[in-house]
Amino acid sequence: MLRHNWRDGTAPDGRDMGKHLGAGRNFLFLQGPHGPFFWRLAARLHKTGARCLRVGFNLGDRVFWPERQSFIRHRRGLDAWPARLDALIAQHEITDLVLYGDTRPIHAMAIARAKAAGVTVHVFEEGYLRPWWVTYERGGANGHSPVMHMTLDQIRAALATTGHDPIEAPDRWGEMRQHVAYGALYHAWVLIGGGNWGLPPHRAISVQQEFGLYLRRLAFMPVHWAARSIATARIKRGGFPFHLCLLQLDHDASLRHHGGFTSTSDFLRHVIDGFASGAPAHHHLVMKAHPLEDGRVPQRRLIARYAKAAGVARRVHYVRGGKLAHLLGSARSVVTVNSTAAQQALWRGLPTRAFGAAVYAKPELTSDLPIAEFFANPPPPDREAYAAFRQFLLETSQVSGGYYSARGRRQLYRQLPDMLLAEDGRYGKSQKPGAAQAQHLRLIAAGP
């Protein structure tokens, strides 16, 4: 039985093993999701004839990329990074740049240099329609996504050329424990290796602190589950109408770069004050933490303080993480900065107020009323418009699978190599088109 050569896509005796769609493509990977996802995606790209390299910035990056010859260390600091990347692109004739998240400094710099050099930029992110999908876009994601510049009319026009049936959620796979475990393992290796090699952390806290928070979260998972179950049961059995506020991680890139608030604290105070002045006196407010909330911001204490100052302490509740569906089914409306979880509310037809930049923040879908007015009389979204928007995301930027569980990764690997090798991104391939239709979609995705 012939063994595949991991590096050049040929059999040991040099015979061609098939049509190599990736021949001539040189992929440079930067930082990815915690765990083995990028390494194993690169292994599959190698089988297409493509060449893959990885730049690492700490020992965690090195551990999750086992092949030494294709791993490049960067130890020269942030100031030297743009010139180093230019040299790598030229030296290795890089055609494609692959990264996870587009706002951390090393990635933002890399995207700018890659685009200037004519290199295709592949951006991965958590799914806009999580937890059953991940996001894959070219050029940018979240506030930098091509969808940000598209109107609902343009999206409907694009869908009119597809004729596809609505895409349903795939079979479920659980990833929360794996997500937290890989995060703890990654930061442990970073800590063992002495931190980032010459780079400042892209978080506001040290690697030691981040590692400690991951360990604490793993240790207290049973306690948090019990507290969350009790709080959710009390709300559901309380018999009162309530509005749901979806909180985000304080270090969330979308929150920090596209959120419009200087801090989580400012957002909490703004929402609670608006609720106190606008909502009917018998309504309640439920503040739901992100499932990965780790305590670096004392959300519960801040919420209690602001609710007491606004005179609504008895009507404001805090729930730490958990599944959103348990509360969405009974909520009157949803408020968030720009959490992707708001799409679950839109799918249910719930009035939604988003303050930051988000791909779903379209006039037909989310409200822009002042927060007190929103709580007083929240307007519902256009459900038909959201159905079209959701379908467009599923046919373009959303890929079924997950980064952290073995089952979720296998589902991604079945799809992604062909998508990365395609001449056009999925905004030009959301159908099985003729050339004219493909060009039509590309023009729409480019925006005004």
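Q: What makes the contacts in this predicted model mainly ones between residues 24 or more positions apart?
A: Take the contacts in the chain with a separation of 6 or more: 71% of them come from residues 24 or more positions apart. A contact here means heavy atoms within 4.5 Å.

Q: How do you know what share of the chain is buried?
A: A residue counts as buried when its relative accessible area is under 20%. Of the 448 residues, 55% count as buried.

Q: Why is strand E2 called mostly covered?
A: Strand E2 spans residues 51-56, and five of its six residues are buried. Each of those five falls under 20% relative accessible area, so the strand earns the label.

Q: What makes E1 and E2 a pair?
A: Pairing takes at least two bridges. Strand E1 (residues 26-29) and E2 are joined by four, so they qualify, and they run parallel. Among the partners, Phe-27 is matched with Cys-52 in E2.

Q: Why is the β-α-β crossover from E1 to E2 called right-handed?
A: The chain leaves E1, passes through helix H1 (residues 37-46) and arrives at E2. With the strands pointing away from the viewer, that path runs clockwise, so the crossover is right-handed.

Q: How do you know that E2 also pairs with strand E3?
A: Three bridges join E2 to E3 (residues 71-73), and at least two are needed, so this counts as a pair too. These strands run parallel, with Val-55 standing opposite Ile-72 in E3.

Technical notes
Residues numbered from 1 in each chain as written. Predicted model: local features only at pLDDT ≥ 70, side-chain atom pairs only at ≥ 80, totals over all residues. Heavy atoms only, no water. Buried < 20%, exposed > 50% of the residue type's maximum accessible area, 1.4 Å probe, protein only.
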